[in-house]
Number of protein chains: 2
Amino acid sequence: MTQHPAFDRLAVFAVASLAATSAFALQPTSAVDLAQQGDDPAWAITEGLTTEIGPRPAGSDREAAARKWAVATLRNMGFANVRDEPYQMPVWERGEEKAWLTSPFLPQRLAITALGNSGSTGPEGIEGEVAYFASFDALTAAPDSAVKGKIVFIDHQMEPTQDGSGYGLYGRGRFMGPTVAAQKGAIAIVIRSIGTDNHRNPHAGVTNFAEGVAPIPAGAISNPDADQLVRQRNRAAGPIKLKLILTPKTIGERTSGNVIAEVPGRESAASPVIIACHLDSWDLATGAIDDAAGCGIIAAAAKHVMTAGQPRRTIRLLWAGAEEVGVFGGQAYFDAHGKEKHAVALESDFGADRVWRVDFNLPQSAADLQKRIGLALAPFGVVTGRGKAQGGADVGALIQAGVPAIDLQQDGSRYFDLHHTPDDTLDKIDPVQLRQNVVVWAATLSLLANSSDSELP
Amino acid sequence: MTQHPAFDRLAVFAVASLAATSAFALQPTSAVDLAQQGDDPAWAITEGLTTEIGPRPAGSDREAAARKWAVATLRNMGFANVRDEPYQMPVWERGEEKAWLTSPFLPQRLAITALGNSGSTGPEGIEGEVAYFASFDALTAAPDSAVKGKIVFIDHQMEPTQDGSGYGLYGRGRFMGPTVAAQKGAIAIVIRSIGTDNHRNPHAGVTNFAEGVAPIPAGAISNPDADQLVRQRNRAAGPIKLKLILTPKTIGERTSGNVIAEVPGRESAASPVIIACHLDSWDLATGAIDDAAGCGIIAAAAKHVMTAGQPRRTIRLLWAGAEEVGVFGGQAYFDAHGKEKHAVALESDFGADRVWRVDFNLPQSAADLQKRIGLALAPFGVVTGRGKAQGGADVGALIQAGVPAIDLQQDGSRYFDLHHTPDDTLDKIDPVQLRQNVVVWAATLSLLANSSDSELP
Ligand SMILES: [Zn+2]
Ligand SMILES: [Zn+2]
Ligand SMILES: [Zn+2]
Ligand SMILES: [Zn+2]
C-alpha cells in the first residue's frame, strides 16, 4: 500500500472533525461530514463489483451481470429512477495470444496481449523480421521499404506523470501505430506496453484502424519483455525475428447498456448535475482502479449529498457501459439525452489515488461558484489548476456540445503501473486515498447541486 | 531500481579509491581494487546468460545450451580446467495450467502455476469444493474428513525478512503441503504463492511427494488471486469451488550437468576453495536473480583474484545444474568429488542485492582468518553475524560431510517478490548492489585462497 505523507493532514482533519462532532452535535449534517465519518460505500461498491462480478468486458455476459448488480446496488442505496438503458455495439473477442523471440538466439517466450480490434494471425501464427522504431514519430517518418513485410516494433518507454499527461504522447503508438504500420505494409505490429511498471504484465487497450485499413495483428508486450527484445537486438549481428500467435475475432453486434440512477432535486425544473464512471473493464483483471473505484466514488458522494438533505438540482449518475472499446455507452447516453439540459458534467475514471487538483470549464456566471469550490477543497490538499477541464470520455460528447465541466484530477503517478493489466485488482486500492476522493466529490457535488440557475445553465 | 542509501558509502569509497589509484599507482593490485574499478564481468555474465539463453529448466535443451555458453564464457575469461560434467536426472515438464473460481459467483480466472512434481488433472480438469486452511499447520491438524474429496487451499501470506528466514516457515505449504493433502484424501491442492509481492504472477517451485504417496495436482496462485478467493469465501453463504486444469508430466531421465572451472593455485597440494551457484532456472522467466547473478558474482570475484596474482590455493567454481528441482547437480558433484579435500565452501544463490552479513562455520584453527575477513568486509557495510553458516544447496552435501563454510548473506527484503516468478528478469538487478557483491566476494576469496594449511584443512 502506498503511503502519501500529504494524507496525514486528512487523517488529522478527519479525527478532529469527528471529535468536534461528538462534542457539539448529535448528528453530522453536511455531506462532507458524512463522507468523513460514515461507512464507506465507495469501498463496498469497489469490493463487491470486483469480487462478485470480476472482469467486465464490453458487450459480454459479464458486463450484463455487472449491470444487474449495479441496478440492485443503486436501488438498495436509495437512489431513484434506477434503470438500465440498453444499446447495441460491435464486439471484439480476445483469442489465443503467444509471442516468441525466435532468432538469432534460442526461442524465448514473451508476455503479450492483443490490442482491442487487432487482426488475427490465424492459429498457425506468423513469423517475421523486426522493424525497430524508437517511437511512433520514428515509424511515421520511416519509408514504406523499412516496414514492408516486417513486424513493426515501437519501443517508446512511458514515464509516469502526476497528471497523466504522458498518455496522449506515448499512447499514439497504440492508438495510431497499428494503422500507420498497416498502411506502410507491415505484417503485424508489437508495441512496448503503454505502462510505467516493470512487471511481466502487458497492458491491453484498444486501437482503431482507420477507415479502409485492413486490421493487422497488433499486440503489446510487457516492459521487461520489450527490454529483452532490445537487448537481443543489441547483441545480434543481423536482424532479430518474432513469432506471433494472436487469434482474436469480431463477433458482431451485442447488447451493452448504461446504468442510470438519480438523486431527485427539490426543483424539478432545474437542470441536473451529471456524474459519470464506467462499469465495463478490460478482461485481464477485475478492473478495480479502472473503473470500479470511479463508480464507487461517485455513488458514495451522491449518497452522502442525498443523506445530508435533498439538493436543489437532481444529481444523475451514469455508470456507462463499453467505455474501454470506444465509448459506446457515452455515445448512447448522448444520443438519448444529449438534447436535455445539463448543468455541469464530471467523471471519475483515473483510479483511486487522491484528488490533488481541480480544473474548471464553467461559464462566466459561475465565477463565484468556482471560487467556493476551490475554497472548499483546499483543506483536503486540492489546488486549483490553471488548465481547462476536459471531462471524462463518457461525458465527452456532452462537453463537446457545450455542457460545463469540472475535473477532480486524481494523482496518476502509479496509475499506468496498473492500467489495463492483469494487476488491476482490489489490493492496489488505498482505502485512505479512496475516502479522500469521496470527501472531495461530496464537497464539490453539494455545492454544484445547490447552485442557482443564474450560476449554471 | 531500488536505491539503498547505505550504498552511497560504497560509491564514495569507490570514487575515492579510484582517485587515489590514479594519483599514486599505475596499476591497481588487489582483487578488491579490481572489483571496484575494472569492468564488470558479473553484469556481463548475468546479462549474457539471461539474454542469449533465457529460461534454463533442469534437464532441458535450454540448460544444455546454457552449459555450452558457460564453458565458452569461462574459458574466454581465462579460467583453467573448464569442463561440463554430465549426469542423468528425472525430468518433470509443465503442461497447460488454468484455474477458475467457479461457484457461487460467475467463473473467474486465476493466475496459477503447477508446482514441480505436481500430478495432472487430465486435459478435462477437475472441479471441487475448497477446503480452506490458514496455514500448513492448520492442514496438518485437520481431520481427514475435512479434506477428503476436496481441493485444499493453504492461505499463509509470506512476510518479507532481510535474511530470508521466512522461507522455511511459509515454504512448508509448498514443500510438504501436497503430501499431507494427498495423504488426507484431497483431490488437489492450491497454495497461496510463497511470495511477498502483490502482482498477478504465481511463484513456481518444487514439491516432493513422500515415498508411496501418489502425486495429486498441486499449484500456486498469485497473492492477488488468493486475496480474491478469500474475499469470495467471505461473501459466499456456502462453499466455494475451484476448477483446475494442470497437465504436467514426467518424461523420464535426461542429461544435465555441472560446469566446473578453476583458478589453479600456486601450491597444487593445498586443498581448493569451492564456490558455487546454479546454472538452471525455473521456466517462467530468465532467472536473473535466481541464479544467473550468483554465477556472475562468483566468476567475477574469482577472475579478479586471478588477475591480482596467482593465489596459494586453487579456486574451483561450480556452476551447478538442476538445483531447482532437487539439487541433482550438487549431489552429482558430491558423488564425483566428495572424497576430495575442500578447504571451505561458499555459494551465491540469494539474488543480487547487497551482502549485509557474513556468517562462519570454520574450524577453531581459522579464528584469526575469520577475524581478518570480518575486518576486510566491514568497510563495505557487512556485519559479522552470530549464526552458523549453512552454505547453499549445491555445496550442502559437502558441508554436511564436514567441509567448512562461509555465508555472504545477501539482503533478501525483496527477493521473494521475484523468486520463481515470470518477473525474475534482468531489469530487477541493481548494478550498484551487484558490484558490492563482487567486491565483498573478492575480498573474502583472496583471504581464503591465500590462507595457510594450518588455518583451513
Ligand atoms: Zn477507464
Ligand atoms: Zn481503461
Ligand atoms: Zn536458487
Ligand atoms: Zn530457486
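The questions below concern the zinc sites, domains and chain contacts of a predicted model.

Local features need pLDDT of at least 70 and side-chain atom pairs count only at pLDDT 80 or more, while totals for chains, interfaces and linings use all residues. Residues are numbered from 1 along each chain as its sequence is written, chains are lettered from A and ligands numbered from 1 in the order in which they are written, and side-chain values use heavy atoms, with hydrogens and water left out.

Q: Which residues coordinate the zinc ion (ligand 4)?
A: Donors are N, O and S atoms within 2.8 Å of the metal (3.2 Å for Na, K and Ca); water is not among the atoms, so sites may look incomplete. The donor atoms of this ion lie at 2.0 to 2.4 Å, with E324(B) listed for two OE entries. The coordinating residues are D290(B), E324(B) and H420(B).

Q: What geometry is assigned to the site of the zinc ion (ligand 4)?
A: Four donors count as tetrahedral if all angles lie between 85 and 135 degrees; four count as square planar and six as octahedral if opposite donors are over 155 degrees apart and all others between 65 and 115; anything else is irregular. The 4 donor atoms here make angles of 58 to 139°. The site is irregular.

Q: How many residues apart are E324(B) and H420(B)?
A: Along the chain, the donors of the zinc ion (ligand 4) follow the spacing D-x33-E-x95-H. E324(B) sits in the loop between β12 (315-320) and α10 (328-337) of chain B, and H420(B) in the loop between α13 (415-418) and α14 (431-449) of chain B (helices, H or I, have at least four residues and strands, E, at least two, as DSSP runs numbered from the N terminus). The separation is 96 residues.

Q: Why does E324(B) count as buried?
A: Buried means under 20% relative accessible area, exposed over 50%, partly exposed in between (1.4 Å probe, protein chains only). H420(B) counts as buried because its relative accessibility is 6%. E324(B) counts as buried because its relative accessibility is 8%.

Q: Which residue coordinates both the zinc ion (ligand 3) and the zinc ion (ligand 4)?
A: The zinc ion (ligand 3) takes its donors from H278(B), D290(B) and D349(B), at 2.0 to 2.6 Å. The two ions are 3.3 Å apart. The residue that coordinates both is D290(B).

Q: How far apart in sequence are the parts that H278(B) and D349(B) tie together?
A: The donor residues of the zinc ion (ligand 3) are spaced H-x11-D-x58-D. H278(B) lies in strand β11 (residues 273-278) of chain B, and D349(B) in the loop between β13 (344-347) and β14 (355-361) of chain B. The parts so tied are 71 residues apart.

Q: How much area do domain 1 of chain A and domain 2 of chain A bury between them?
A: The domain assignment, which is automatic or from a database, gives domain 1 (6-90 + 252-449) and domain 2 (95-247). Their centres, taken over C-alpha atoms, are separated by 34 Å. Buried area is the accessible area (1.4 Å probe) that two parts lose on being put together, summed over both. For these domains the value is about 1500 Å².

Q: How many salt bridges are counted between chain A and chain B?
A: A salt bridge is a side-chain nitrogen of Lys or Arg within 4 Å of a carboxyl oxygen of Asp or Glu. E47(A) and R235(B) meet in one, at 2.8 Å from N to O. The chains bury about 2700 Å² between them, 45% of it on carbon and sulfur atoms. The count of salt bridges is 4.
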